[in-house]
Each structure stands twice: as C-alpha cells, then as structure tokens.
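Colleague: Got a minute? I'd like to walk through this one with you.

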Amino acid sequence: MVAYQALVLEQTDTTVSATYQTKLTPDLAKDGVLVKVAYSDINYKDRLAMNPKSGVLRHYP
C-alpha cells in the first residue's frame, strides 16, 4: 500500500470543513496499474465545492 495526501470535505448542518488526510491506496489486482503523480492542483470548481451554498454539489459523499 502507498500513502498519499487527500483533501477531504465534510459537511455539517451549515458548514463544510476541508482537511488534508493521509490515505492508503487499496491493494491492486494483478492486472492493476498504479500511476505516480508528481504534482496536482485544485481548480476553481473544486474550491466552489467547499462552499455549501455554491450549488456545485447537491450531496456531499
């Protein structure tokens, strides 16, 4: 398993909190592929999803 940083959004009644959490990749199947990512970013719609009244997301997972 490989550890990675994930931005996790959690919704309460009126707010959305964003935290970085360390997650582990699940074990891959024999024919699975793991891609190593050097850089990533957040686009403007990702940032809008952090606002509970933006309308970008209807339901938070």
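**Chat notes**

Modeller: Sure. Start with the hairpin: it joins β1 to β2 through four residues. Keep in mind that this is a predicted model.

Colleague: Which way do β1 and β2 pair, parallel or antiparallel?

Modeller: Antiparallel, over nine bridges. Strand β1 covers residues 3–11, and strand β2 covers residues 16–24.

Colleague: Which residue in β2 is the bridge partner of L7?

Modeller: That is Y20.

Colleague: OK, zooming out. How many helices and strands are there in the protein?

Modeller: One helix and two strands. From the N terminus, the order is β-β-α.

Colleague: Is the whole thing compact or spread out?

Modeller: Spread out. The radius of gyration is 15 Å, while the globule rule gives 10 Å for 61 residues, so the protein is more spread out than a compact globule. The C-alpha trace spans about 40 × 20 × 20 Å along its principal axes.

Colleague: What share of the residues is buried?

Modeller: Buried residues make up 11% of the 61.

Colleague: And how much area does the protein expose?

Modeller: About 5800 Å². Carbon and sulfur atoms supply 54% of that.

Colleague: Switching to contacts. Of those with a separation of 6 or more, what share comes from residues 24 or more positions apart?

Modeller: 26%.

Colleague: Last topic, charges. How many positive and negative ones are there?

Modeller: There are 7 positive and 6 negative charges. Their mean positions are 5 Å apart.

Note on methods: Residues numbered from 1 in each chain as written. Predicted model: local features only at pLDDT ≥ 70, side-chain atom pairs only at ≥ 80, totals over all residues. Heavy atoms only, no water. Rg over C-alpha atoms; globule rule 2.2 N^0.38 Å. Buried < 20%, exposed > 50% of the residue type's maximum accessible area, 1.4 Å probe, protein only. Contact = heavy atoms within 4.5 Å. Areas by Shrake-Rupley, 256 points an atom, 1.4 Å probe, with all protein chains shown as cover. Lys, Arg positive; Asp, Glu negative; His and termini not counted. Charge placed at Lys NZ, Arg CZ, Asp CG, Glu CD. Pairing = 2+ DSSP bridges.
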